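Let's take a walk through this one, starting with ring contacts and then moving on to the pockets. Keep the viewer open as you read.

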Amino acid sequence: MTPTTTLAEQAPIDRLVVVVAQLREHCPWMGALTHASLVEYLLEEAFEVAETIETGADDAELRGELGDVLLQVVLHARLAEERGTFTFDDVARGLSAKMVRRNPHVFLPDGTLQDAFPASVAEIVRKWDAVKTAERPERTGPFEGVPDALPALAKAQKFLDRAERAGAVLPVGELGETPDAQTEEELGDLLLAVVGSARASGFDAERALRGAIRRQFASPS
């Protein structure tokens, strides 16, 4: 008879899955969580990872914040398992399969490595887009699938990225030397132009604004 593996002897991810399942069963607060109630925590934890990276925090803090994001994934998978729909293993298995399928420049269909790899990032992007299009032929345009909940600057940049990759003319005007928006619509056009200018220079407008806020409003030491 094979001896039962104790919690401490399990692989780290297996141990985490068991710990979360036990918390769901025995902790009233954890037991009351739903997919909907977890959304705010998932977004918060993702932004905390971003802040940890952008502020140059040490690796120990980054490790902890990544663990908080992983907890959200395990919790959502556990909720689905309780409904009998899918498990964390299904999530991991599906992700591995998708990475193999969407990266034919690296993997053969059986998951083994290709004999040679492309040197061009542009070629990689083209292949990635082609695979995604083949997977979702029902999508009607390049902008479908961009989350509505993205912050506006990040969403604008995502739309501009998608438009350029689709070969569309980017709807971004020139930034004047002294831009002065008179209406909310003009302000929106100006903000879109700012995002386009940032993107053309290789910057991330959302990250740049977060950094400016930290610099301008940081607590005095």
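A good place to start is a charge over a ring: Arg102 sits over the face of Trp128, 5.5 Å from the ring centre. Bear in mind that what you're looking at is a predicted model.

Now for rings paired with rings. There are two aromatic pairs here. Take Trp29 and Tyr41: their ring centres are 6.2 Å apart and the planes meet at 65°, and since anything over 60 counts as edge-to-face, that's the label this pair gets. The pair links distant parts of the chain, with Trp29 in helix H2 (residues 28-31) and Tyr41 in helix H3, twelve residues apart. As for solvent, Tyr41 has a relative accessibility of 26%, so it counts as partly exposed.

The other pair is Phe143 with Phe159. Here the centres are 5.0 Å apart and the planes are at 15°, so this pair is stacked. Phe143 belongs to the loop between H6 and H7 while Phe159 is in helix H7, so the contact ties together parts that are 16 residues apart in sequence. Are these two rings buried or exposed? Neither, quite: Phe143 is partly exposed at 35% relative accessibility, and Phe159 is partly exposed too, at 30%.

On to the empty space. The largest pocket holds about 430 Å³. It is lined by 17 residues, and the closest to its centre are Leu150, Pro151, Ala154, Glu206 and Arg210. Which helices build that lining? Helix H3 (35-54), helix H7 (152-165) and helix H9 (205-217) each put in at least two residues, with H3 giving the largest share, five residues. If you're thinking about the chemistry of the wall, the lining has nine nonpolar residues, one polar and seven charged.

Next comes the second largest pocket, with a volume of about 340 Å³. Its lining has 13 residues, and Asp129, Thr133, Gly141, Pro142 and Arg162 are the closest to its centre. Helix H6 (121-135) and H7 are the elements that give two or more residues to this lining, and H6 supplies the largest share, three residues. By class, the lining divides into three nonpolar, three polar and seven charged residues.

One helix is worth a second look before you close the viewer. H7 carries Phe159 of the stacked pair, supplies at least two residues of the lining of the largest pocket, and gives two or more to the lining of the second largest pocket.

How values were computed:
Residues are numbered from 1 along each chain as its sequence is written. This is a predicted model: local features need pLDDT of at least 70, side-chain atom pairs count only at pLDDT 80 or more; totals for chains, interfaces and linings use all residues. Side-chain values use heavy atoms; hydrogens and water are left out. On a 1 Å grid over the protein atoms alone, a cavity is a set of points where a 1.4 Å probe fits but cannot get out, and a pocket is an open set with protein on both sides within 12 Å along at least five of seven lines; lining residues have an atom within 4 Å of a point. Grid points are joined across faces, edges and corners, and a volume is the space filled by probe spheres set on the points. Helices (H or I, at least four residues) and strands (E, at least two) are DSSP runs, numbered from the N terminus. Ala, Val, Leu, Ile, Met, Phe, Trp, Tyr, Cys and Pro count as nonpolar, Asp, Glu, Lys and Arg as charged, and the others, Gly among them, as polar. Rings of Phe, Tyr and Trp (its six-membered ring) pair if their centres lie within 6.5 Å; planes under 30 degrees apart count as stacked, over 60 as edge-to-face and the rest as tilted. Buried means under 20% relative accessible area, exposed over 50%, partly exposed in between (1.4 Å probe, protein chains only). A charge sits over a ring if NZ of Lys or CZ of Arg is within 6 Å of the ring centre and within 35 degrees of the ring normal.
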